[in-house]
Amino acid sequence: MDVFEAMRTTRAMRRLDATRPVSDEDVWTIVEYATKAATGGNSQPVRWVVVRDADKRHRLGAIYRECWAEIGAMYRQRTPAEDTQTNRILTSADHLGEHMGEAPVLILPASKGGDASSVFPGVQNLFLAARALGLGTTLTTVHRLREGEVRAVLDIPDDVQTWAMIPVGYPTGRWGEPARRPVEDVTYWDGWRSTRPR
């Protein structure tokens, strides 16, 4: 798949086919490409915790469900009924909240120390590699409300931070280009709010 096509069509896939397994080789591939991303000083702080065990996925799903219930309720209070786009996203996020533990694979990037600039480039590489293989992913961080419980399920030491919980599987929906503002509206040239036509 052309890299520009992958970037154009990689979007949050929150509805994954729980009955269709993801091969170990595909997991190795997407994690390998995640490790190719730049890190500060080539420090490579991220460890990629892959969760395939059904019981552990179920337990993590239960933690995630409780975290999302809290965060989702907050978003719902702030979102007017007429905001159909946001409400559609929230409905999709509600589905993930109920089914996170059913994803065939969960991947948690984790590190001792480090910062986001050495973590999230790898996460994006993982998403693009997954897209090239037809696998859906989405970025979630709400599990961090109960990160201690997540660490306990996976025997992660207290001094290791989990940056995200990423479900991986074959999507039940279609790939497509997500709605975005025109690049001309969000690109400033030589100063704040200084736009120009393309």
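Let's start at a charged pair: E5 and R8 form a salt bridge, with their closest N and O atoms 2.8 Å apart. Keep in mind as you read that this is a predicted model. Both residues sit in helix α1, 3 residues apart, or about one turn of the helix. That spacing is handy, because an α-helix has 3.6 residues a turn, so residues three or four places apart point the same way. Neither partner is hidden away: E5 is partly exposed at 30% relative accessibility, and R8 is partly exposed as well, at 36%. The pair also has company, since E177 is linked with E5 and R8 in a network of salt bridges.

While you're at α1, look at V3, which belongs to this helix (residues 3-9). V3 joins F4 and M7 in a nonpolar patch on the surface, and together the three have about 320 Å² of accessible area. V3 counts as partly exposed because its relative accessibility is 47%, and the buried class stops at under 20% while the exposed one begins at over 50%.

Back to the charges. The total for the model is 10 salt bridges, and two further pairs are worth a visit. D55 bridges to R59, with 3.6 Å between the closest N and O atoms. Both lie in helix α3, 4 residues apart, again about one turn. D55 is partly exposed at 44% relative accessibility, and R59 is partly exposed at 37%. The next pair is E147 and R151, where the closest N and O atoms are 3.4 Å apart. These two share helix α6 and are likewise 4 residues apart, about one turn of the helix. Are E147 and R151 buried or exposed? Both are buried. As for the pairing itself, side chains of opposite charge can pair when their charged atoms come close.

Now head inside. The largest nonpolar core holds 24 residues, and the members that touch the most others are L60, Y64, W68, L106, V150, L154 and M165. Which elements give two or more residues to this core? They are α3 (54-78), α4 (84-99), β2 (105-111) and α6 (147-154). The top contributor is α3, with 6 residues. There is also a second, separate core of 21 residues, including A34, I107, A130 and I166. In general terms, nonpolar side chains tend to be buried together in soluble globular proteins.

Y64 makes a good vantage point in the larger core. Setting aside neighbours within four places in sequence, Y64 is in contact with L96, G97, M100, T140, V142, H143 and M165. Two of those partners, L96 and G97, are among the buried residues of α4, along with N87, L90, S92 and A93. These buried residues of α4 pack against α3 and β5 (166-169). The geometry of α4 checks out too: its 16 residues should span 22 Å at 1.5 Å a residue, and its end C-alpha atoms are 23 Å apart, which agrees.

Next comes α5 (residues 120-132), a helix of 13 residues that reaches 18 Å between its first and last C-alpha atoms, close to the 18 Å expected. Its buried residues are G122, V123, L126, F127, L128, A129, A130 and R131. What do they pack against? The answer takes in α1, α2 (24-34), β1 (47-51), β2, β3 and β5. After the helix comes G134, with a positive phi near 80°.

One of those packing partners, β3 (residues 136-137), contains T137. With a relative accessible area of just 3%, T137 is buried, because that value is under 20%. Not counting residues up to four places away in sequence, T137 touches R11, A12, M13, L126, F127, A130, I166, P167 and V168. Three of these, L126, F127 and A130, are on the list of buried α5 residues, and A130 and I166 also appear in the second core.

For contrast, finish at D158, in the loop between α6 and β4 (161-162). D158 is exposed because its relative accessible area is 70%, and the exposed class takes anything over 50%. From D158 to L90 is 68 residues in sequence and 31 Å in space, C-alpha to C-alpha. L90, at the other end of that line, is one of the buried residues of α4.

Methods:
Residues numbered from 1 in each chain as written. Heavy atoms only, no water. Core = buried A, V, L, I, M, F, W, Y, C linked by side-chain atoms within 4.5 Å. Buried < 20%, exposed > 50% of the residue type's maximum accessible area, 1.4 Å probe, protein only. Contact = heavy atoms within 4.5 Å. Patch = residues over 30% accessible without salt bridge, like charges linked within 9 Å, V, L, I, M, F, W, Y side chains within 5 Å. Areas by Shrake-Rupley, 256 points an atom, 1.4 Å probe, with all protein chains shown as cover. Salt bridge = Lys/Arg side-chain N within 4 Å of Asp/Glu carboxyl O. Expected span 1.5 Å × (residues − 1).
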